[in-house]
Amino acid sequence: MIKKIEHIGIAVEDLKQAIPIYEKIFGVPCYKQERVDSESVITAFFSVGDSKLELLQATDPSSPIAKFLEKRGGGFHHIAFEVDHIETEITRLEKEGFSLIHLTPKDGADNKRIAFLHPKSGLGMLIELCQEKNSKNPS
Ligand code: ZN
């Protein structure tokens, strides 16, 4: 089951330049930066009221973020939904005929297990499913 929007992902060319700008816009400091080598990104997180935002910068040219920036420039990149049981959601969407980039969850930033839906399956929207690593699965 999808519980809520967990965060919104924003692609940036350069975190060093982007963080102070977003800090001014949001009025709060970045609370965490984390490198995710499996995705070739460095992430930076902001907590704004009840909402969370993730900035993503590519660490090498083969990174999906580098390819995205090349095609579309910086800005809105993905929307992430918190789910109560990520394997169940992957199976459900697969059965519905959606194509997923990750059929088994992988480690993401900020203590999450994640899986992305293919943007072609989301009508151009890149959708991330995520589940807190130490959250208990519902029985
Ligand atoms: Zn994300």
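# Exercises: loops, strands and helix faces

L123 is exposed, with a relative accessible area of 84%. Let's use that as a warm-up, after two notes. This is a predicted model, in which local features need pLDDT of at least 70 and side-chain atom pairs count only at pLDDT 80 or more, while totals for chains, interfaces and linings use all residues. Residues are numbered from 1 along each chain as its sequence is written, and side-chain values use heavy atoms, with hydrogens and water left out.

**Exercise 1.** Work out where L123 and D110 sit, and whether each one is buried or exposed.

*Solution.*
- Step 1: get the cut-offs straight. Buried means under 20% relative accessible area, exposed means over 50%, and partly exposed is in between (1.4 Å probe, protein chains only). The areas themselves come from the Shrake-Rupley method with a 1.4 Å probe, and for residues only the protein chains shown count as cover.
- Step 2: find the loops. L123 belongs to the loop between β7 and β8, and D110 to the loop between β6 (106–108) and β7.
- Step 3: apply the cut-offs. L123 is exposed because its relative accessible area is 84%. D110 is at 11%, so it counts as buried.
- Step 4: look at the backbone. D110 has a positive phi of about 60° although it isn't a glycine. L123 isn't a glycine either, and its phi is positive, near 50°.

**Exercise 2.** Describe the overall build of the protein, from its secondary structure to its compactness.

*Solution.*
- Step 1: count the elements. There are 3 helices and 8 strands. These are DSSP runs numbered from the N terminus: helices are H or I with at least four residues, strands are E with at least two.
- Step 2: read along the sequence. The order is β-α-β-β-β-α-β-α-β-β-β.
- Step 3: check compactness. The radius of gyration is 15 Å, close to the 14 Å that the globule rule gives for 139 residues, so the protein is as compact as a globular protein of that length. (The radius is taken over C-alpha atoms, and the rule is 2.2 Å times the number of residues to the power 0.38.)
- Step 4: add the box. Along the principal axes, the C-alpha atoms fill roughly 40 × 30 × 25 Å.
- Step 5: look inside. Of the 139 residues, 46% are buried. Take contacts (heavy atoms within 4.5 Å) between residues at least 6 apart in sequence: 51% of them join residues at least 24 apart.

**Exercise 3.** Compare the settings of T43, S47 and P61, using burial and contacts.

*Solution.* For every contact list here, neighbours within four places in sequence are left aside.
- Step 1: T43. This residue is in strand β3 (residues 41–48) and is buried, with a relative accessible area of 1%. Its contacts include L15, V36, L56 and A109.
- Step 2: S47. This one also lies in strand β3, but is partly exposed at 39%. S47 is in contact with V28 and Y31. From S47 to P29 is 8.4 Å, C-alpha to C-alpha, with their positions 18 residues apart in sequence.
- Step 3: P61. You'll find P61 in the loop between β4 (51–58) and α2 (64–72), exposed at 71%. P61 is in contact with A66 and K67.

**Exercise 4.** Find out which residues of α2 and α3 are buried and how they are arranged around each helix.

*Solution.*
- Step 1: recall the geometry. An α-helix has 3.6 residues a turn, so residues three or four places apart point the same way.
- Step 2: take α2. I65, A66, F68 and L69 are buried. Seen down the axis, they fall within an arc of 160°, so they line one face of the helix. (The arc is that of the directions from the helix axis to the C-beta atoms.) β1, β3, β4 and β5 are among what covers them.
- Step 3: turn α2 around. The face away from the buried side carries exposed E70 and K71.
- Step 4: take α3 (residues 86–95). I86, E89, I90 and L93 are buried. Their arc is only 100°, which puts them on the same side of α3. Their cover includes β1 (2–11), β5 (75–83), β7 (112–117) and β8 (127–132).
- Step 5: check what follows each helix. Just after α2, G73 has a positive phi of about 75°; α3 is followed by G97, with a positive phi near 95°.
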